[in-house]
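Here is a short briefing to read alongside the coordinates. Have the viewer open, and follow the strands before turning to the last helix.

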Amino acid sequence: MKKILLLAALALSAGACCNNKTVTFMHLSDPQIGFLDTTAHYAQSDSLMGLAVEAVNRIKPACVVITGDLVNNTADAEQKAVYERRLAEIDPSIPVFALPGNHDERPYTSENHAAFLAFNGYDRFSFTKDGVAFIGFDSCPIKDGDVAAEEEQLDWLKAELTAARKARQILLFTHCPVVRETLDEPEDYFNFSLPKREEYLNLFKEYGVDAVFAGHTHTCYYTEIDGIQFITAGPVGSPLHDGFSGLNVVKAAPDGITYQYTACPEATVEF
């Protein structure tokens with residue numbers, strides 16, 4: 001993953017100039033190599049990830065963010081090898097940032113977290129591109145109730161949000177959706193607990209967050225609460241429910257954020 005870490009470091013140095021530019025980026029989630037895949041050498045997952053990589057290289061976004069579940073089973077060396085090989089095919093001029101999902105740190109423990117850091121190199125990020133702040137954080141300690149890890153991350157998140165106050169827009173990225181459709185929807189595997197979603201929504205409102213991108217559900221959701229867009233992408237890998245494999249192409253323009261979720265071969269920026 002050294003190439004990805006170098007690209008991340010380069011992107012982190014990008015300044016907040018050119019505030020009138022539209023920033024086009026791609027949001028991928030849940031390649032989850034091996035999930036629902038019984039083919040030899042995970043050929044189905046490999047092919048789906050390959051289509052996503054082709055779309056990235058064709059569109060050439062400002063950056064790519066992958067919101068977790070990179071593989072299905074972190075103990076499976078072949079799953080990690082497929083993911084890393086496909087990721088290495090992305091044009092080296094395109095910075096890539098990947099966050100952990102619940103399958104990458106299952107369950108969240110110091111040992112599993114350390115193993116993810118050894119694999120990916122980092123579990124959060126923050127940078128600014130042409131006036132747009134990108135901040136990614138780990139939803140796993142929040143969902144799994146690791147109070148100390150969540151508090152340490154929350155201090156970091158508040159500091160990054162403070163530093164981003166002058167950004168034209170603030171975009172957050174994580175694995176598990178804070179909410180899917182409504183603030184009072186029932187608690188389940190696919191959202192934050194009621195107290196946590198209220199706590200984090202208040203934090204986002206305080207710092208002027210514009211949008212929160214997530215995955216985890218293997219299908220798409222969208223809602224807007226108190227002016228904040230909550231955008232949940234379907235999977236690069238195997239879908240669930242009525243979802244389909246694809247990715248988000250997002251435009252952060254001076255007048256707002258628009259996105260298009262499409263199957264990887266059909267992904268365009270014509271919207």
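Strand β2 (residues 64-67) has cover on both of its faces: Val64 and Ile66 are buried on one side, and Val65 and Thr67 are buried on the other. Please keep in mind that this is a predicted model. The notes below start with the neighbours of β2 and end with helix α4.

**Strand pairing**
- On one flank, β2 runs parallel to strand β1 (residues 23-28), and three bridges join the two.
- Within this pair, you will find Met26 opposite Val64 of β2.
- β2 also pairs with strand β3 (residues 96-99), again in the parallel sense, through four bridges.
- Here Ile66, one of the buried residues of β2, stands opposite Ala98 in β3.

**Crossovers**
- Helix α2 (residues 43-59) combines with β1 and β2 in a β-α-β unit that is right-handed.
- From β2 the chain goes on through helix α3 (residues 77-87) to β3, and this β-α-β crossover is right-handed.

**Helix α4**
- Which residues of helix α4 (residues 110-120) are buried? They are His113, Phe116, Phe119 and Asn120.
- These four lie on the same side of α4, because the arc they cover around the axis is only 120 degrees.
- Ser110, Glu111 and Ala118 are exposed, and they sit on the face of α4 that is turned away from its buried side.
- Gly121 comes just after α4 and adopts a positive phi of about 95 degrees.

Conventions. Residues numbered from 1 in each chain as written. Predicted model: local features only at pLDDT ≥ 70, side-chain atom pairs only at ≥ 80, totals over all residues. Heavy atoms only, no water. Buried < 20%, exposed > 50% of the residue type's maximum accessible area, 1.4 Å probe, protein only. Pairing = 2+ DSSP bridges. Right-handed = clockwise from strand over helix to strand, strands pointing away. Arc of directions from axis to C-beta.
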